[in-house]
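Hello,

Here is the structure we spoke about. Please open it first and keep it in view while you read the notes below.

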2 protein chains.
Amino acid sequence: MAAARWVSDDNVALLTDLYELTMAASYVAHDLDEPATFDLFVRSLPAERAFLVLCGLEQALDYLEGLHFPPAALEYLDSLGIFDRRFLDRLATLRFTGEVWAMPEGEVCFAEEPLVRLTGSLVEVQLAETFLLNCLGFQTLVASKAARVALACGERSFVDFSARRDHGADAALKAARAAYVGGAAATSNVLAGMAYGIPLSGTMAHSYVMRFGDEAEAYRTFARVFPRNATLLIDTYDTEEGARIVARVATELRTEGISIRAVRLDSGDVAALSRSVRHILDTAGHREIEIFASGDLDEHVIAALLAGGAPIDGFGVGTRLGTSADVPSLPVVYKLVEDVTGPKIKIAPHKRTDPGRKQVYRIEDPSDPHDVVALEEEQPPAGGRSLLEHAIAGGRRIRAREPLAAIRARRAEAVERLPEHVRRLGSVEAPYPVRLSAGLTALIERLCMR
Amino acid sequence: MAAARWVSDDNVALLTDLYELTMAASYVAHDLDEPATFDLFVRSLPAERAFLVLCGLEQALDYLEGLHFPPAALEYLDSLGIFDRRFLDRLATLRFTGEVWAMPEGEVCFAEEPLVRLTGSLVEVQLAETFLLNCLGFQTLVASKAARVALACGERSFVDFSARRDHGADAALKAARAAYVGGAAATSNVLAGMAYGIPLSGTMAHSYVMRFGDEAEAYRTFARVFPRNATLLIDTYDTEEGARIVARVATELRTEGISIRAVRLDSGDVAALSRSVRHILDTAGHREIEIFASGDLDEHVIAALLAGGAPIDGFGVGTRLGTSADVPSLPVVYKLVEDVTGPKIKIAPHKRTDPGRKQVYRIEDPSDPHDVVALEEEQPPAGGRSLLEHAIAGGRRIRAREPLAAIRARRAEAVERLPEHVRRLGSVEAPYPVRLSAGLTALIERLCMR
């Protein structure tokens, strides 16, 4: 088989750790391929995250619905010389035929809550582990970071500029999606615009200005091609001088019916420069030209700029958003919680996997907001809104795909309804409470006594 | 067009920032689509990186050779309502027709050196910026991290376990490739094994042991399916007890001609546990069973374990390798250095882009090892080995694709030849010197005097 240059529907079944396949082979060899339930959850919240935003479910469900091993994949597995014919035959006809319960995308979630729950043949649910962790972990990571940037921005908007620093091509596509869910107003990534209908935003690079040498000529040329939405980069040589040139060019182009939308600051002391640039533009009669800032921004830098009164209208956030630079991974895990022998528990120092099929309830009691993790069969707690929805039944989606705008709106509302201290950007003082129901507590005690 | 679920050859041309397209449109509109040269380089080395390992060139060259805008891409761009027909027509026939000079993959490199140099039509080289930065930046990031892990491991081997925590699907594929180039002996990622011929490695998960309840039965079952290369996870309940059970099972299975290859420790005090487990195995007559450790490892943890004499034979390194967790991005940039008006320079505080078409020379003088960045037309410095090779001429590759093993060997040799202090893992004391040639220095002075 030719080298797989890209991951695609035709080879994604192999995007799995070898051990998923060796374990599955052992289950098949010993007739242990019976129903089992796995929970996908986050072990603990990173120090700087008081909440997470679930994201990536759409792609996870696509994966499960499409899971199959094409002949080329089977040939490769055969060539490894470690799998027998019976197992390869099982893979040849394997489809995901189980059940999925999941929180909807855009929902706020916390550690130790099942986010996605799979029930199905042990082989089917085991093989899915690696991809599900990768897919949901990464998008949740970026959506959660973006939600923090959105909190810092308040009324201002921000744009995902991360494509060039994201980890590979798929990350660039999915980071733009997750950033939009988390609150970005747009992305610079054209493919993400096409794939997901995300609004696009773009300015110009220093090389453009350098190509002309003369800044006025660069700005004029660009604005004539994009007469209504040109954002001009003014820090190639001297930012304040750049602002003066833009003001002159903007006045001159008015006679041609062309308006400059914004100037962009990408370096230097952005707080001070935004003030002097605002003054230069205002003095020249160009209050309508907005100031857009970019360059090593994150939620803390933006919050500090705005707290200091920097007159900045929008932000381009790249590297630190798309790589979630302060927290570049989440401790997302996928654990067996039930099999044919009953609910399963695993206890290790600082780690516990709660047994059984569970539901998560959010209780928005103003005096005591909290979530409850309960056994599925338990009576829901009073006032509790259940968060896990039945997404796939018998291997097929039973809900319509959600428009990304609806997911984005869910995130906005869910974040808005969080207790104020959970929405704060600093270090987490009091974690949002996630409690166990009486039934789950009793089950844990029973299993531990064994 | 249907949503693009994956990046592929058919849509990767759109994996670009919108500004690349708006700038290109302006160049086309104003007949400025003339030859230009861009350098791709790293602005500065992160605090914990004394050297980098170039990686990702193969995919970058594939991208350039295949660059094209299919009808669906053009339709989408047209639908944005900001591009005129002339520009869209240019894109419809656009191919990369220029020249690429690049360091070979696996070569050690440093900040402020051109790693890849593109010369071609301004539109062609501009559009490639975003993808090239993404592709080369990420793989170089991971290969560089892996090279540090390899230095920590010394004679021991390590395996890439990162797939589940990498940033999306493409990152999982490319991280395995880059980790292998950087020194990993294998990967757990089956798709990477198929795509690149990387050896595969896998063990078992806690859920497997839990499925059986009885550890002995779990080990026996697994080993019978994989009679020559079973690595058994022994920390599901109690690590030392797990080791005793493995020892008993291994003795028992000897009569069936089955051998256990290794046990895996994935939690707890790995240093202490590795000693007690070694003792348990040795006492039971199983010196042949190796100890493999995983769980939140990186070069520092591994170096400390081995410095303390932990009897560990191999390591599984995941999250911190595949996300380069301490340094999750590189400041890799792509800058105009020459156009039809001549060499270009850009100077800003702490940032300078060196002008002109350049070559990099490595001078392995034991008393003064250093690199020299020189103008292409200059006489090479005495004893200097040129690092930039002509990779694409007139839009076509002029070198055969390299086997990954050759790239991996180049890295091993290049790292081995580095001065000892550059190979140390701690904070960087004296950066490896990268000097400018007399000709380049004179050109910079001349351009600054203007």
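Which residue in β7(B) does V159(B) stand opposite? Please find it before reading on. Note that this is a predicted model.

The residue is A186(B), which V159(B) faces in β7(B). The two strands concerned are β6, residues 157-160 of chain B, and β7(B); they run parallel and are joined by two bridges.

This pair belongs to an open sheet in chain B. The sheet has six strands with parallel pairing, and their order is β7-β6-β11-β10-β9-β8. The edges are taken by β7 (186-187) and β8 (230-233) of chain B, each of which has a single partner strand, so one side of each has no neighbour in the sheet.

Next, the domains of chain A. Domain 1 is made of two stretches, 12-142 and 327-449, while domain 2 covers 203-294. The C-alpha centres of domain 1 and domain 2 of chain A are 48 Å apart.

Last, how the chains are related. Two copies of a chain are related by a rotation about an axis and a shift along it. Here, a turn of 180 degrees with a shift of 0.0 Å along the axis lays chain A on chain B, with an RMSD of 0.0 Å. This is the relation of a two-fold axis. Which residue of chain A comes closest to the rotation axis? That is D170(A), whose C-alpha is at 2.6 Å.

The interface fits this picture. Of the interface residues of chain A, 100% are also interface residues in chain B, so the copies meet through the same surface.

Regards

Key: Residues numbered from 1 in each chain as written. Chains lettered and ligands numbered in written order. Predicted model: local features only at pLDDT ≥ 70, side-chain atom pairs only at ≥ 80, totals over all residues. Domains from an automatic or database assignment. Pairing = 2+ DSSP bridges. Helix = DSSP H or I, 4+ residues; strand = E, 2+ residues; numbered from the N terminus. Least-squares fit on C-alpha atoms with pLDDT ≥ 70 in both. Contact = placed C-beta atoms within 7 Å.
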